[in-house]
Structure formats: C-alpha cells, structure tokens
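Could you take me through this protein, one selection at a time? I have the viewer open and would like to know what to click on and what I will find there.

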Amino acid sequence: LKNPRILILGAGYAGLMTAVRLQKALRKGEADITLVNKHNYHYQTTLLHEIAAGTGEEGRVCLPIQNVIDTRRIRFIKDTVLEIREKERQVILCHGEPLHYDYLVVALGFEPATFGIPGIAEHAMSIRSLNAAKRIRNRIEGQIAEYAASGAPGETLTFVVGGAGFTGIEFIGELADQVPRWCAKYGVPRQHIRLFCVEAGSGLLPGFTPSLSAYARQSLEARGVEFCFNTRIRSVDAKGVLLEGVAGERRIEPATVVWTGGVQGNRLACGTVFTATRGRIPVSPDLRINGHDRVFVIGDCSAFTDPGSERPFPPTAQIAVLQALTCARNLQILVRGGRGLESFAPKLKGAVASLGSRDGVGLVLGVPMRGRLASSFKAIVDSRYLFTLGGFRLLLRKSKPGAGDMG
Ligand code: FAD
Ligand code: NAD
C-alpha cells in the first residue's frame with residue numbers, strides 16, 4: 001500500500017507550523033509530506049511593518065525553510081502554486097510538475113482587500129510580503145532623498161497610510177521613528193515631511209479600549225502623525241487620493257499611499273476553487289471544508305466561526321499557529337486510519353500593537369498594558385513563536401545580533 005500523500009501549500013505561520021508538527025508526530029514512512037512555498041525562506045509577516053519603514057532588518061524577519069524542517073522527512077519545493085484541481089486531487093505549479101495529494105492543506109495566506117476602491121491595486125502600496133515591504137521602504141526613502149536633491153522646495157512631502165487598524169498603526173509608528181533619521185541623513189527639515197493616517201471609522205485600533213486607543217493616538221501625534229478620522233479613501237490615481245469626510249470630498253497629492261484598509265484570503269484558493277464568504281473559506285470545526293473531506297484550510301485563507309460570538313475569528317498569526325497545531329493532529333489521526341477529529345477550540349491571549357520600537361499598547365488576558373511593557377511583551381510573543389517552531393536552537397540563532405539568517 002502506498003503512503004498517504006500530504007501536500008501543504010504555503011510556508012507562512014500556518015503552513016510551516018503544520019509541516020514541523022507533522023514531522024514530529026508521524027513516524028518515518030507513515031506519510032509522504034510535501035511543502036510548497038514561493039520562496040525558500042519563511043518570513044514573519046507580523047514584523048513586515050518594520051521592513052516597510054526601514055527600522056527592521058531582513059535577517060531578523062526571515063529564516064531559511066531548510067533550517068526548520070528536516071528535508072529527509074519533508075520534501076520542500078520552492079515554486080508558485082498556480083491552480084488547485086480538487087476533482088483530480090492535483091496542484092499545478094508555475095515551474096515544476098503537477099503534484100498529487102491524498103490530503104491537502106491550503107495555507108496560502110492573505111492579500112490586501114481593496115473593496116473595489118478604484119486605483120488601490122494600481123497606485124497604492126501594501127505590506128503584503130517581504131518583497132512588497134522592501135519596495136515600500138525603498139520608495140519612501142528614495143522620495144525623501146530626491147526631495148533633498150531637488151533643493152528641499154517649500155512644498156511639503158506627504159505620505160498617506162490608509163486605515164488605522166493594527167497594520168496601519170504599527171506601520172505609521174515605525175515610520176514616525178524612522179523619518180527623523182532619514183531627514184537627518186538627507187538634510188531635510190522634519191517639518192517638511194507630513195505623515196497622514198486616514199481612517200474611515202471614528203478612532204484608531206478598533207477593538208481596544210478607548211483609553212488604550214487614546215494613548216496610542218497621543219503617542220503617535222507627539223511624533224508628528226496627523227490623523228483624519230471619519231474619512232474614507234474613495235479612489236487613488238497616479239497623482240493623488242480622493243478623500244470623503246463629513247465635510248465632503250477633497251483631494252490630496254501625497255508622494256506615496258500605503259493601503260492598510262483590510263485583508264482577505266489569497267484569491268488563488270478563495271473563490272476560484274472553493275467557495276469563499278467575504279474573501280475567506282468557511283471551514284468546519286475540524287478545519288476541513290464541508291464537502292471536501294481531504295482539504296484543510298488554515299490561516300488567513302480560512303474563516304472559522306467562533307461559536308461564542310458566531311462571527312469569524314480575525315485573521316491573525318495567533319490563530320494561524322493554533323490552527324496549524326489542530327490541523328497536524330487531525331492529519332495524524334487520518335493517516336493512522338482513525339476517526340473523530342479534534343475540533344478547533346483556541347484559547348486566545350489577546351493582542352498587542354507596537355507604536356514604533358519603544359512604545360505599544362495591548363490587551364493581554366483582559367489586562368491593558370502600554371508603553372515599554374507592551375512593546376517588550378510583543379518581543380516575547382515573537383520569541384515564543386520561534387521557540388514553538390524550532391526550539392531553543394532556532395531562538396538562539398535568531399536572537400544573535402545582526403543574525404543574517406538568510407544564508
Ligand atoms: P502568511 O504568513 O501570509 O503565509 C502565507 C505563505 O504562503 C507565505 O510564505 C507566501 O509566500 C506563501 N504563498 C502565497 N501565495 C503563494 C503561491 N501562489 N504559491 C506558493 N506560496 C505562496 N497577527 C498577529 O497575531 N499578531 C501580530 O502582531 C500581527 N502583526 C501583523 C503585522 C503586519 C504588518 C501584518 C501585515 C499582519 C500582522 N498580523 C499579526 C497578521 C498575521 O501576519 C497573519 O494573520 C498571518 O501571517 C497569517 O498566517 P498565514 O500562514 O495564513 O499566512
Ligand atoms: P483591519 O481590517 O483590522 O483594519 C483596517 C482599517 O482600515 C479599519 O480600521 C477600517 O475602518 C479602515 N478602512 C477600511 N476602508 C477604508 C477606507 N476606504 N478609507 C479609510 N479607512 C478604511 O486590517 P489590518 O489592520 O490590515 O489587519 C488585518 C488583520 O491582521 C487583523 O485581523 C489584525 O488583527 C491582524 N493584525 C494584527 C496585528 C497585531 O496583533 N499586532 C498587527 C497587524 C495586523
């Protein structure tokens with residue numbers, strides 16, 4: 001009898017953790033496991049705002065996949081998934097031969113949700129991957145350098161962040177730290193640069209308590225961030241942005257727009273092969289798709305309804321990792337011919353948002369925190385993730401200063 005073939009698509013939080021857990025849980029020869037990812041490295045999406053603002057180093061955010069998995073136990077393929085053919089149980093790749101599976105784990109992550117706003121996809125930038133984050137950093141620094149080279153004219157140079165959710169706030173917090181450094185480097189007066197955050201809602205970080213949101217706002221405003229609340233981005237074009245607020249419409253012409261207005265599941269899986277609701281694939285309690293017993297969907301591609309609130313859990317790394325643990329245990333049961341799969345029942349710890357490198361706000365196990373404490377807590381969460389993924393060895397390797405872990 002042939003070994004069951006487990007195919008994992010995507011090596012982000014959800015996919016890589018599933019692979020590592022399966023490698024531990026299954027004995028040699030119990031299953032043929034294949035992991036496919038666009039790149040031969042894994043990046044921590046939760047740190048990409050630092051790369052986008054130029055405050056973080058690539059070596060801290062990335063790790064080679066072969067340093068985490070045992071390549072004798074898991075076949076790793078660096079390739080781009082083009083199509084999932086569920087009927088044929090086949091996955092089509094950009095370069096390699098089609099792959100066949102008995103069990104499929106779809107963990108292809110997120111992409112920016114544009115909500116049909118004209119021009120976002122073409123003219124705004126998004127923190128969607130490591131390379132996209134690097135492009136944002138290069139563009140903003142390049143524009144400041146160009147501005148300086150042009151003799152720093154009277155006009156200000158404006159950068160707009162669209163959306164004051166977690167991503168928008170964490171990014172603009174890093175930018176508020178970094179802009180003074182770039183200004184000093186290129187000889188541009190700080191007051192010539194404006195940092196705008198445009199938010200459709202009435203405040204920032206929806207979901208946090210009013211006092212935490214107020215703290216975050218104050219911290220960012222003190223470093224020169226300007227907020228436009230109750231203001232919606234209506235369209236973006238090559239020259240500017242159309243905003244709609246309570247006083248009506250107005251146009252501004254920033255150098256760069258970074259869109260952080262929300263995410264949806266990777267379009268490759270969501271809506272083209274499997275039916276998606278609002279850009280994510282609904283999954284049953286055991287994390288499989290109803291009617292597709294061989295297919296698990298985890299991470300940002302999946303919509304798992306919280307039985308308590310009857311709303312889908314938000315797309316977070318915390319959920320992606322917890323789903324990976326359940327998914328790996330369920331695959332182990334299936335491979336061993338068992339029944340009665342485990343239901344996903346996460347115990348969520350809360351959330352922390354950084355406000356640059358030295359400040360933050362958080363709500364952890366219901367306890368509000370702010371300042372250095374919150375930003376240190378975020379660092380602990382990152383370390384915990386690395387420990388869960390690769391134990392002390394990985395943690396030590398990553399914590400070396402300047403660890404250029406891409407080699
Ligand atoms: P991802 O981590 O995005 O991984 C998807 C993987 O699939 C990637 O490796 C990608 O290269 C690969 N892939 C995509 N398409 C293809 C293809 N066609 N072929 C092959 N491979 C492909 N959540 C938190 O809980 N805490 C935080 O502090 C936090 N901070 C965040 C900060 C930022 C700036 C952002 C943008 C998000 C943050 N999030 C945070 C959300 C969190 O990052 C996501 O929920 C998490 O990354 C989802 O994990 P995932 O495995 O589903 O997807
Ligand atoms: P989000 O959906 O959480 O926030 C998007 C924000 O953009 C909202 O406040 C929304 O009102 C605003 N918006 C939408 N359309 C707009 C428009 N046309 N004009 C102006 N504003 C508009 O999206 P996100 O911040 O990208 O976060 C995505 C997911 O990742 C969430 O689940 C979040 O919790 C998670 N995340 C977590 C962390 C963390 O825990 N530190 C950090 C980043 C992201």
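Start with a single pair: select Ile 6 and Ile 33, because Ile 33, in strand E2, is the bridge partner of Ile 6. Bear in mind as you go that this is a predicted model.

**The open sheet**

Widen the selection to strand E1 (residues 5-9) and strand E2 (residues 32-37), which pair in the parallel sense over five bridges. Both belong to an open sheet of six strands, in the order E5-E2-E1-E9-E21-E20, with mixed pairing. Which strands stand at the edges? They are strand E5 (74-78) and strand E20 (288-289); each has a single partner strand, so one side of each is left without a neighbour in the sheet.

**The nonpolar core**

Next, colour Leu 9, Val 106, Ala 216, Ile 281, Val 297 and Ile 298. These are the residues with the most contacts inside the largest nonpolar core, which has 116 residues. Helix H8 (residues 317-335) supplies the largest share of this core, ten residues. The core also crosses a domain boundary: at least three of its residues come from each of domain 1 (5-112 + 263-347 + 379-399) and domain 2 (120-259).

Now centre on Ile 298. Beyond its neighbours within four places in sequence, Ile 298 is in contact with Ala 14, Thr 18, Val 105, Ala 107, Leu 287, Ala 320, Gln 323, Ala 324 and Cys 327.

Show helix H8 by itself for a moment. H8 has 19 residues and reaches 26 Å from its first C-alpha to its last, close to the 27 Å expected at 1.5 Å a residue. After H8, look for Gly 337, which has a positive phi near 75°.

**Where the two domains touch**

Colour by domain, using the domain assignment: 5-112 + 263-347 + 379-399 for domain 1 and 120-259 for domain 2. The centres of the two domains, taken over C-alpha atoms, are separated by 32 Å. To the contact, domain 1 gives 13 residues and domain 2 gives 17 residues. On the domain 1 side, select helix H2 (48-53) and strand E10 (110-112), the elements that give two or more residues to it. H2 gives the most, with six residues. By type, the residues on this side of domain 1 divide into eight nonpolar, three polar and two charged.

**Two hairpins in a row**

Move on to strand E23 (residues 350-354) and strand E24 (residues 360-364), which pair in the antiparallel sense over five bridges. To line them up, find Ala 351 and its bridge partner in E24, Leu 363. The hairpin of E23 and E24 has five residues between the strands, and Gly 356 there takes a positive phi near 90°.

E24 also runs antiparallel to strand E25 (residues 367-370), joined to it by four bridges. Leu 363 appears again here, since its bridge partner in E25 is Pro 368. E24 and E25 form a hairpin with two residues between them, and Leu 365 is in the turn.

**Two buried helix residues**

Keep the hairpins on screen and add Glu 170, in helix H6 (residues 166-186). Is Glu 170 buried or exposed? It is buried, with 27 other C-beta atoms within 10 Å. Glu 170 and Gly 356 are 186 residues apart in sequence, yet 6.8 Å apart in space, C-alpha to C-alpha. Leaving aside neighbours within four places, Glu 170 is in contact with His 49, Ala 353 and Ser 354.

Then select Ala 374, in helix H9 (residues 372-399). Ala 374 is buried, with 23 other C-beta atoms within 10 Å. Outside its neighbours within four places in sequence, Ala 374 is in contact with Val 352, Gly 360, Val 361, Gly 362 and Met 369.

**Two leucines with a positive phi**

Most residues other than glycine have a negative phi, which makes the last stop a pair to inspect. Leu 205 has a positive phi of about 45° although it is not a glycine; look for it in the loop between strand E12 (193-198) and helix H7 (210-222). Leu 365, in the loop between E24 and E25, has a positive phi near 50°. Which of these counts as buried, and which as exposed? Leu 205 counts as buried, with 24 C-beta neighbours inside 10 Å, whereas Leu 365 counts as exposed, with 8.

Definitions and conventions: Residues are numbered from 1 along each chain as its sequence is written. Chains are lettered from A and ligands numbered from 1 in the order in which they are written. This is a predicted model: local features need pLDDT of at least 70, side-chain atom pairs count only at pLDDT 80 or more; totals for chains, interfaces and linings use all residues. A nonpolar core is a set of buried Ala, Val, Leu, Ile, Met, Phe, Trp, Tyr and Cys residues joined through C-beta atoms within 7 Å. A residue is buried if 20 or more other C-beta atoms lie within 10 Å of its own, exposed if 12 or fewer, and partly exposed in between; C-beta atoms are placed from the backbone. Domain bounds come from an automatic or database domain assignment. Two residues are in contact if their C-beta atoms, placed from the backbone, lie within 7 Å. The expected span of a helix is 1.5 Å times one less than its number of residues. Ala, Val, Leu, Ile, Met, Phe, Trp, Tyr, Cys and Pro count as nonpolar, Asp, Glu, Lys and Arg as charged, and the others, Gly among them, as polar. Two strands pair if DSSP finds at least two bridges between them.
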